Amino acid sequence: MSSKDFALGKRIQQLLMDNGLENPIINDNIAKWGELSHTNEMSNKFAEFLHLLGMDLTDSSIMKTSGRVVKFFINELFYGLDYKNFPRISSNINTFNYNSPLISTGITINSTCEHHLVAINGSAIVAYIPDKKFVGLSKLNRVVDFFARRPQVQERMTKQIFIALQEVLETQDVAVAINATHNCIVIRGVKDAATENLTLELGGKFLDDAVLKTSFYQKALSIQN
Ligand SMILES: [Zn+2]
């Protein structure tokens, strides 16, 4: 069975659109990914940009850079723009009634700032209280990674992951925290390499139960990148 689930991805996208949380994207262009003519057009346009920037693309070292970058964007850095890449979520019935929080820490965030196209690196904590079902643990990582692999804004990414997890886990009791450094802060402007940014989104019992809420905040504040 494929490790991807386009039907689920489309359902999640609709949910994000209903909540005003989808990235500004053009689905028709993403649908052309994989068409040779589309790949070539992207590559040619990017080569033109590099040429205008002043790079001599006749040099053997950088001759193939534009084509390589386009493939890298589609297959690695921005694969999360395409819902055909949404992970398949395997699940099991919660027969042993595990109803305590399940907390996954140290989930890697490799994302990209949509304003400067430089790296956002960090890690996430995801917690949920299983209701009727469990999902395979690595699926939490995969959902986080899917939304990270886009040109992003950290706040929106946090909410997207939160909403998608509530849907696939079939419970409101979900909490997400992301702590990240933004290369645009490191490199430009204030040039502060030490700044880490924490975003949180809590639902269900994580929001209503003061003890759970406080302990999740404490856990989130302790994330070390
Ligand atoms: Zn930026």
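Strand S3 is mostly covered in this predicted model, with seven of its ten residues counted as buried. S3 is a useful place to begin, as several other parts of the structure can be described from it. The strand belongs to an open sheet of five strands, which run in the order S5-S2-S3-S6-S7 with mixed pairing. Strand S5 (151-152) and strand S7 (197-202) stand at the edges of this sheet, and each has a single partner strand, so one side of each is left without a neighbour in the sheet.

On one side, S3 pairs with S2 in the antiparallel sense, over nine bridges. Two positions help to place this pairing on the structure: isoleucine 103 stands opposite alanine 127 of S3, and threonine 108 stands opposite serine 123 of S3. S3 also pairs with S6, again in the antiparallel sense and over nine bridges, and here the bridge partner of alanine 124 is isoleucine 178 in S6. As a general matter, strands of a sheet pair through backbone hydrogen bonds, either parallel or antiparallel.

The loop between S2 and S3 deserves a closer look. These two strands form a hairpin with five residues between them, and within it leucine 117 takes a positive phi near 55 degrees. Most residues other than glycine have a negative phi. Leucine 117 counts as partly exposed, with 13 C-beta neighbours inside 10 Å. A second case is found at asparagine 97, which has a positive phi of about 45 degrees although it is not a glycine. Asparagine 97 is placed in the loop between strand S1 (91-93) and S2, and it is exposed, with 7 other C-beta atoms within 10 Å.

From the sheet, the description can move to the nonpolar core. The largest nonpolar core has 37 residues, and those with the most contacts inside it are Ala124, Val126, Val144, Ile161, Leu165 and Val176. The elements that give two or more residues to this core are strand S2 (102-113), strand S3 (119-128), helix H5 (137-148), helix H6 (154-169), strand S6 (174-182) and helix H9 (210-221). Among these elements, H6 gives the most to the core, with eight residues. In soluble globular proteins, nonpolar side chains tend to be buried together.

Valine 176 offers a single residue from which to survey these surroundings. Leaving aside residues up to four places away in sequence, valine 176 touches Ala124, Val126, Thr158, Ile161, Phe162, Leu165, Leu200 and Glu201. Of these partners, Ala124, Val126, Ile161 and Leu165 are also listed, along with Val176 itself, among the residues with the most contacts inside the core.

Seen as a whole, the protein contains nine helices and seven strands, and its C-alpha atoms fill a box of roughly 65 × 45 × 30 Å along the principal axes. Buried residues make up 30% of the 225 residues. Among contacts between residues at least 6 apart in sequence, 71% join residues that are at least 24 apart.

The protein is divided into domain 1 (34-81) and domain 2 (90-221), and 31 Å separate the centres of the two domains, taken over C-alpha atoms. The contact between them takes five residues from domain 1 and seven residues from domain 2. On the domain 1 side of this contact, four residues are nonpolar, one is polar and none is charged.

Within the range of domain 1, glycine 67 is found in helix H4 (residues 65-77). Glycine 67 is partly exposed, with 16 other C-beta atoms within 10 Å. Although 27 residues separate glycine 67 from asparagine 40 in sequence, their C-alpha atoms are 7.7 Å apart in space.

The last element to consider is helix H1 (residues 6-18), whose 13 residues reach 18 Å from the first C-alpha to the last, close to the 18 Å expected at 1.5 Å a residue. Just after H1, glycine 20 takes a positive phi of about 65 degrees.

Notes:
Residues are numbered from 1 along each chain as its sequence is written. This is a predicted model: local features need pLDDT of at least 70, side-chain atom pairs count only at pLDDT 80 or more; totals for chains, interfaces and linings use all residues. A nonpolar core is a set of buried Ala, Val, Leu, Ile, Met, Phe, Trp, Tyr and Cys residues joined through C-beta atoms within 7 Å. A residue is buried if 20 or more other C-beta atoms lie within 10 Å of its own, exposed if 12 or fewer, and partly exposed in between; C-beta atoms are placed from the backbone. Helices (H or I, at least four residues) and strands (E, at least two) are DSSP runs, numbered from the N terminus. Two residues are in contact if their C-beta atoms, placed from the backbone, lie within 7 Å. Domain bounds come from an automatic or database domain assignment. Ala, Val, Leu, Ile, Met, Phe, Trp, Tyr, Cys and Pro count as nonpolar, Asp, Glu, Lys and Arg as charged, and the others, Gly among them, as polar. The expected span of a helix is 1.5 Å times one less than its number of residues. Two strands pair if DSSP finds at least two bridges between them.
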